[in-house]
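Work through these exercises with the model open beside you. Try each task before reading its solution.

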Amino acid sequence: MDNQNLFSQSYDQITKQILGTGNNYFQMLGNPQSFNWPVAASGQLAPEAYQLMSAAPVYSPVATFGGVGTSTLFDNYRQIFGHVGFNNSPEIEQQIKDLSDNVTAAQNEVTKTWTNANTAYLTAKQNGGVIFEAQYPSIAEWMAGPGSNYATEAETWTKKADAILKQIQSLNAANQPTELSDALALMARPTSSPSAGDAPRGWTKVANGAGVLEWQPSFTISTSSQSWRQELTKGTIGEKSITLDASKSDSSITKSWAGANVSYGTPFWGVYASGKWSETNITKSDNSVTATVKLQSATNVLITPGAWYNGGFLKQMANAGTQGTGYSILQPYSSTGGDHPLFGANGICSTMVTGLVVAYKPSFSITMKSSTYKSFEQSISASAGLRIGPFSFGGSGGHYQHDVSTTGNSTTVTGGSTSDDPVILGVTVGFPGTEKP
């Protein structure tokens, strides 16, 4: 069976039951994650928190994201300023346009480097097996060691982009309004050492894969660093039940904010063994499968970017060229639409994370034909984790327990996670400049 129906059922019920009406801009994670971030020291963000909060989700209702090399809101936001002019002469506009093309080229090299790094890491991980997995559980650790050349290359291209942006800032300086100069100033990476003194406005300290503090643009989570765990375990919504039926068709996901543009990345059914997730597609030949996932509580944890982010400015850019803005977007770019949009579905700065959809203490019940269970009994029994779409039990995030009962030709597997860590089911998505998709 095509498991898009089950992804769609999960998406529809999470959106309605947890987010409710009025907030349907939801991206469900194909790679559910435990919300077990360590509490960072004052003035810092945990690397795990920064990676997720700073990411720019792909334009899809279901996707995997997060980790080194994922497109970030800050990088995308910064690129906008390389393609904007303000009441300049044609000669200055042309100079800025040429420089903006160079910014794009440098950013493309950064993206290419991260893509190559991810490919190299996955290849090394596949060839290295359990030993490699234990030594380099994430790409961050690998890039602090054997993959450090990729980090160096990405940093080199990033610095080139920064230098070009400063040239554009200088050319724009004669006519630019205070709002623009302030925005450019807040984006400038601090030159002081992160190990000494407080973070400048709009910036925070994040440890890299080698544990060395680096300056990163700040983000704020709606619960304090000292109390978020306690708050999330309480939740803000009472128990909810997500019911799934392999025999039913559901097209909710194709009617979502991103339409039929769906990227799963991982299978709907999976087991965790030998340090990795693998597919266990119990619905491939059994459309009688039903499942219920109960959530003890759930909440949407709001995320906001720091002072470096100026949403009002982006709105002006999205309306650049209209009456009264004074701003112009340099060809071949446009605000939305066309081959080179700044905003919208295919834009440079298209999405941002506005919240984390988190559940606490999920439990499950799966009923299938006994013959189906027999086919997968060994993999289920030997597993250290179970995955049902965006719901994860055990695996690298903790342990889970399960029981099996059979009545007639029907077998039911029940269980739940033993972890006290909340689970991130997905994120709510915002759209810079446009507010809506």
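**Exercise 1. Aromatic rings**

Find which residues ring pairs link into a cluster in this predicted model.

*Solution.*
- Start with the total: the structure holds 21 aromatic pairs.
- Now trace the links. Ring pairs join Tyr50, Phe74, Tyr77, Phe81, Trp203, Phe219, Trp308, Tyr309 and Phe313 into a cluster.
- To describe any one pair, give the distance of the ring centres and the angle of the planes.
- Then look at a ring with a charge over it. Lys160 places its charged end over the ring of Trp157, 4.2 Å from the centre of that ring.
- Check the distance cut-off: NZ of Lys must be within 6 Å of the ring centre.

**Exercise 2. The partners of β10**

Determine which strands pair with β10, and in what sense.

*Solution.*
- Locate the strand: β10 covers residues 290-305.
- Take β6 (residues 219-221). β6 pairs with β10 in the antiparallel sense, over three bridges. In this pairing, Ile221 has Ile303 of β10 as its bridge partner.
- Take β7 (residues 240-245). Its pairing with β10 is antiparallel and runs over six bridges. Ser241 stands opposite Lys294 in β10.
- Take β12 (residues 352-369). β10 and β12 are antiparallel too, with twelve bridges. Here Val301 faces Leu356 of β12 as its opposite residue.
- So the pairing strands found here are β6, β7 and β12.**Exercise 3. A four-strand sheet**

Work out the strand order of the open sheet of four strands, then say which strands stand at the edges.

*Solution.*
- Read the order across the open sheet: β9-β8-β13-β14, with antiparallel pairing.
- Find the edges. β9 (276-279) and β14 (391-394) each have a single partner strand, so one side of each is left without a neighbour in the sheet.
- Add the twist: from one strand to the next, the average is 20°.
- Go to the pairing of β8 (residues 269-273) with β13 (residues 385-388). These strands are antiparallel over four bridges.
- Pick out one opposite pair: Tyr272 stands across from Gly385 in β13.
- When you inspect side chains, recall that in a regular strand they alternate between the two faces of the sheet.

**Exercise 4. Positive phi**

Compare the settings of Lys361 and Glu435: where does each lie, and is each buried, partly exposed or exposed?

*Solution.*
- Begin with the general expectation. Most residues other than glycine have a negative phi.
- Check the angles. Lys361 is not a glycine, but has a positive phi of about 55°. Glu435 is not a glycine either, and has a positive phi of about 70°.
- Place them. Lys361 lies within strand β12. Glu435 lies in the segment after β17 (423-430).
- Apply the cut-offs: under 20% relative accessible area is buried, and over 50% is exposed.
- Lys361 has 23%, so it is partly exposed. Glu435 has 48% and is partly exposed as well.

**Exercise 5. The whole chain**

Summarise the protein chain: how many helices and strands does it have, what share of its residues is buried, and what is its accessible surface?

*Solution.*
- Count the elements: the chain has ten helices and 17 strands.
- Take the buried share. Of the 437 residues, 48% are buried.
- Take the surface. The accessible area is about 19400 Å², and carbon and sulfur atoms own 48% of that.
- Finish with contacts. Among those with a separation of 6 or more, 75% are between residues 24 or more positions apart.

Notes: Residues are numbered from 1 along each chain as its sequence is written. This is a predicted model: local features need pLDDT of at least 70, side-chain atom pairs count only at pLDDT 80 or more; totals for chains, interfaces and linings use all residues. Side-chain values use heavy atoms; hydrogens and water are left out. Helices (H or I, at least four residues) and strands (E, at least two) are DSSP runs, numbered from the N terminus. Buried means under 20% relative accessible area, exposed over 50%, partly exposed in between (1.4 Å probe, protein chains only). Two strands pair if DSSP finds at least two bridges between them. Contact means heavy atoms within 4.5 Å. Accessible areas come from the Shrake-Rupley method with a 1.4 Å probe; for residues, only the protein chains shown count as cover. Rings of Phe, Tyr and Trp (its six-membered ring) pair if their centres lie within 6.5 Å; planes under 30 degrees apart count as stacked, over 60 as edge-to-face and the rest as tilted. A charge sits over a ring if NZ of Lys or CZ of Arg is within 6 Å of the ring centre and within 35 degrees of the ring normal. Axes are lines fitted to C-alpha atoms, for helices over the stretch in contact, and angles run from 0 to 180 degrees between N-to-C directions.
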